[in-house]
Each structure stands twice: as structure tokens, then as C-alpha cells.
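Visitor: Hi, I've got a structure open and a few quick questions. Can you walk me through it?

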Amino acid sequence: MSTTAKNPSATDKKQAEVVDSLNLVLADSYALMALTHLAHWNVEGEDFFPLHKAFQEQYENLFEAIDEIAERVRALNAYAVGGLNALGKLANIEEFKSPLPQKDYVAALIVVHEKVTEDALRTRELAGSANDLETQDLMIKRLQWHEKALWMLKSYLKAS
Amino acid sequence: MISANCLSTLESDCESSACRWRCAIEVIDELLSEHSLITGTEADDLLDLRWTLVQADDAEATLRLFCTVRRRMEQRHYLAFFRIRRWLENHMMAAVVLRPGGDEKLVSLKLDHYCVEALRRSSLCFALQTGGVIDRPRLRFCFRQKASRQGVTRQTEVSTKQLV
């Protein structure tokens, strides 16, 4: 589904690619937020308190990021994707079901963070080639956060 | 994500459109490249597991090796074994016949256990939950694509997602 505005003269091919890529990062981030929330609710075990708290910090960050990404799509004179079905289909992320061992929640979230990172990297490159520095800046910010989250989640698996 | 490496070795047994996990062979190769983090015995076991995955003709041996290697290494390489587990669940199944002359049901694998016997028991339980009478049941593990080619229809496929 194209989410670019009806007036084709408002955007060129490169910008349309940036918009589609941004919408993919939006869908990814939404899916990751939902799964992180699920992990926050259902995680059990000896590390319940630190994991419950860490997952909350992460889904709260993602909630704010989603709004920022969607508003960037609108600023590019295009429309943001929305609705759980559409977001799920676009993100194409394998969901996990609870209950899981606590380490499996962390490992499963790492896999989703890696997918978001991969798509955000592509968006950063597309924005760069379209000379869209604002989108590029937003993706750099998102990448920094996902890389930090990956470091923390991977460290947890190594430490325990 | 299926890697180029995976496609070159397990081409006929990978459903790249359906599998969203990193190829198990690629993950094993990454483990093997971490010389300082694995012992010689572990490297041998990983190479054996890799070989059974490339051959893709003995699912039981593959699972048996996986369980052995998992018990030995998982605590130090949890993420790698999580990825291999998920990939195997996507590419392997259990074919169950509940009674002589009965239909063969394909049951999704859930690698929640650390030995093949426990996996066999849980797969049989999943198959039983679809109904039917159990009488001298038979169960064999198989690679998903090979099971399809051997004439087991998708209509008899039972997903654990439907059962739990």
C-alpha cells in the first residue's frame, strides 16, 4: 500500500522510498513495543523486578518514538500506516506467545530489535541519498537507542 | 532471515518466504569462528550438527546432536541456541501415527526440552490433543519440506499453536 500523498508532484521517487521505509520502521517499532509490553506483563522468575522495569523503560521509549516517526512521515506530506492488522502485516515479525522462560523473552526481543535496526539502517541510507537530513537524523537517533538496548539485552544473557 | 549460505546448502529444505529466523548453519558458523569461546570437543560437536543439517536426511540424529550440544553450551551462548532452536522449529516436524492404519499427522516441534525422548513425548501429547484413540503409536521426526514431498498432506498438519 502506498502511503504517499495524492499529489505526485509533491514528492519524487527517492522521497517516496524514504516514506515507505519510514513506515516500515514505524510498523517494526509498533510491533516491538507490543511485544516488549507483553514481556513486561508476563515475565516471571528470579529476575522479575529488573526485567519488568527494563521492559517498561523500553516500551515507553518506543511509544514516544512511534509518534515521532509517524509525524516525520506526515511532515514529508505522506500518510502514516496504522491499525494493528496493517502494522503487523507490514512489520512481518514473528510474535512470541507467553509464557516463556525469562531468558527467551530477552532473546526474542533481541531478534526484533535487530530487525528494527536493519530497517532503520536502510532508511538512514535512503534518507541520506535523498538529502533528507532530518529523517537521517531521526534514524540515527533511533539506531543509537536500539544499539544501546541490544547491548543491554545481550549483556543480560551473557551475565546470567 | 535465510542467508545465502543456507540457501546453498539446504535449498530444498528451506522455505525462505516462511522462515524469519537466521539460518541455523550460519549461527553455527558464527559459533565456530569464536575460537576462544569454544572448546575442541564443542567444535567437533558443532561440526557434526552442521553436517547433519547440511545432509538433512536424519532428523532424529540432528535433534539428538542438537540436544547434546545445547546441554553443553547453551548457558554460555544462550542467544545462539535460541536462534538455532527457533530455526529448527520452523524446519522440522514430528510425523505421528496414533494407531495402526491411522493417518499420519504432522505436529509442529516445540524444542522446550533437553532430550529427544522428552521431545518425542511432548509431540505425541500434542498429536493426541487433536482427538483419536492411541494404540501402538509411531512417531518419527522429519524435515518439514521432505515430509511434504513424501506425500503427507498439509491438511493433517497440526500446529502446536492450535493446541496450546
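Visitor: What should helix 6 of chain B span, and what are its end C-alpha atoms apart?
Guide: This is a predicted model, with local features needing pLDDT of at least 70, side-chain atom pairs counting only at pLDDT 80 or more, and totals for chains, interfaces and linings using all residues. Residues are numbered from 1 along each chain as its sequence is written, while chains are lettered from A and ligands numbered from 1 in the order in which they are written. Helix 6 of chain B has 13 residues, 116-128, and should span 18 Å at 1.5 Å a residue (1.5 Å times one less than the number of residues). Its end C-alpha atoms are 18 Å apart, which agrees. Helices are DSSP runs of H or I, at least four residues; strands are E, at least two; both are numbered from the N terminus.

Visitor: Which residues of that helix are buried?
Guide: B:Leu119, B:Ser123, B:Phe126 and B:Ala127. Buried means 20 or more other C-beta atoms within 10 Å of the residue's own; exposed means 12 or fewer; partly exposed is in between; C-beta atoms are placed from the backbone.

Visitor: Why are they on the same side of helix 6 of chain B?
Guide: Because they cover an arc of only 95° around the axis (taken from the directions from the helix axis to the C-beta atoms).

Visitor: What exposed residues does the face turned away carry?
Guide: B:Glu117, B:Ala118 and B:Cys125.

Visitor: Switching to chain A. How many helices and strands?
Guide: Chain A has 5 helices and 0 strands. Of its 160 residues, 41% count as buried.

Visitor: And what does the C-alpha trace of chain A span?
Guide: About 55 × 30 × 20 Å along its principal axes.
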